[in-house]
Amino acid sequence: MQHGPAVRRRKLGAELRTLRTRAGLTSGEAARLVGWHQSKVSRIETGTSGAKPADVRLLLDAYGVTDPRLRELMLALAGADGGEGERDHWWHAYRGILPPAYRDFISLESQATAMRTLETTVVPGLLQTPGYARAVTRAAVEGVDEAQLDRLVEVRLARQDVLHGSPPMGLSAVLDEAVLRRQVGGREVMAEQLHRLVEAARLPHVRLQVLPFAAGAHIGVTGPFVIFSFSSASDLDVVVLDHLTSSLYLERKEDLEAYTEAFNALRAHALSPEDTLQHLSALAHGA
């Protein structure tokens, strides 16, 4: 169980080691190619020390890695705010108001090819309407003024672009029925949000399932979680647990297996995507 920067260092090191091995190089040979001491390569690969984006570029060049998506993912794990050519990611403009843990989350989200999430209290951020996002942010961030609130809502809405990319990120979400019943922002805001969920449920790359109250106690009662998956690099999946003051990142194989099994069990107890769409449509028209 680690915070974002630590898990990124370990994942970056493991992937760089895999890429070096595929290139047929020893750590000593890799070090000589980039003009370093072998110990620096070893420290990076074990996650003992971090790697600057410029260092990662040198290693990727030495290993013959040309896949733009893989290079960008490696640079994101190195903490780069931009991809090749130091291009800033969109959230760079919000650094002053975003805590490091949130920036880490957005960085992973922007690179993921798939996201599985259990939500027990609110609609997933990627599916929130502006009004709903504003109400949730106002409640979650104490003492925020209107200008800051506007900026934080902008960030939440900008994150939704991952669902409209080419290709879009695949989203599979299980929503506890309490998410749909809680009147966030008032009747009109909630009605608009329910219609938005109906629209999302019809998208081919979005799979929504409602876990009804009738399902009783379930493994998800311990709290929400997110599983990010990455197709461009091996062994980079990560579980994110959100807490009031921080986020925790789980990357051990046994943790990933446990949360994957839990998510599959939740899906089995939830309404099917087709029944969920009918349920959401009924709620939206009755709102």
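Which residue stands opposite Leu-248 in β6? Keep that question in mind; the tour returns to it at the strands. One note before you start clicking: this is a predicted model.

**Stop 1: two packed helices**

Select residues 53-62, helix α4, together with residues 68-77, helix α5. Two packed helices are described by the angle between their axes and the distance between the axes. Here the angle is about 145 degrees, and the axes of α4 and α5 lie 9 Å apart. Turn the view until one helix lies over the other, and you should find that α4 passes α5 in a right-handed crossing.

Now show side chains where the helices touch. From α4, pick Pro-53, Val-56, Arg-57, Leu-60 and Asp-61; their partners in α5 are Arg-71, Met-74 and Leu-75. Colour this contact by residue class and you get five nonpolar residues, three charged ones and no polar ones.

**Stop 2: charges at and around α4**

Stay with the contact and zoom in on Asp-61 and Arg-71. Their side chains form a salt bridge, with N and O 3.0 Å apart. This pair connects distant parts of the chain, since Asp-61 belongs to helix α4 and Arg-71 to helix α5, ten residues apart. Is Arg-71 buried or exposed? Its relative accessible area is 9%, and because buried means under 20%, Arg-71 counts as buried.

Next, add residues 38-46, helix α3, to the selection. Asp-55 and Lys-40 meet there in another salt bridge, 3.5 Å from N to O. Asp-55 sits in α4 and Lys-40 in α3, so the pair bridges 15 residues of chain. The two ends have their own accessibilities: Asp-55 is buried at 12%, whereas Lys-40, at 25%, is partly exposed.

**Stop 3: charges elsewhere**

How many salt bridges does a search of the whole structure find? The count is ten. Side chains of opposite charge can pair when their charged atoms come close.

For an example within a single helix, select residues 177-181, helix α9. Glu-177 and Arg-181 form a salt bridge, and their closest N and O atoms are 2.9 Å apart. These residues are four positions apart in α9, so about one helical turn separates them. Glu-177 is buried, with 7% relative accessible area, while Arg-181 is partly exposed at 44%.

Then select Arg-134, Arg-138, Glu-146 and Asp-150 as a group: salt bridges link them in a network.

**Stop 4: the strands**

Move on to residues 225-229, strand β4, where five of five residues are buried. In a regular strand the side chains alternate between the two faces of the sheet. Look at each side of β4 in turn: Phe-225, Ile-227 and Ser-229 are on one, Val-226 and Phe-228 on the other, and all are buried.

Add residues 114-119, strand β1, which runs antiparallel to β4 and is joined to it by five bridges. Arg-116 has Ile-227 of β4 as its bridge partner. Then bring in β5, also antiparallel to β4, with three bridges between them. Val-226 stands opposite Val-240 in β5.

Finish with residues 247-250, strand β6. Strand β5, residues 238-242, pairs with β6 in the antiparallel sense over four bridges. Ser-247 and Tyr-249 point one way from β6, Leu-248 and Leu-250 the other, and all of them are buried. And here is the reply to the opening question: Leu-241 stands opposite Leu-248 in β6.

Definitions and conventions
Residues numbered from 1 in each chain as written. Predicted model: local features only at pLDDT ≥ 70, side-chain atom pairs only at ≥ 80, totals over all residues. Heavy atoms only, no water. Axes fitted to C-alpha atoms, helices over the stretch in contact; angles between N-to-C directions. Left-handed = near helix turned anticlockwise from the far one by under 90°. Contact = heavy atoms within 4.5 Å. Nonpolar A, V, L, I, M, F, W, Y, C, P; charged D, E, K, R; others polar. Salt bridge = Lys/Arg side-chain N within 4 Å of Asp/Glu carboxyl O. Buried < 20%, exposed > 50% of the residue type's maximum accessible area, 1.4 Å probe, protein only. Pairing = 2+ DSSP bridges.
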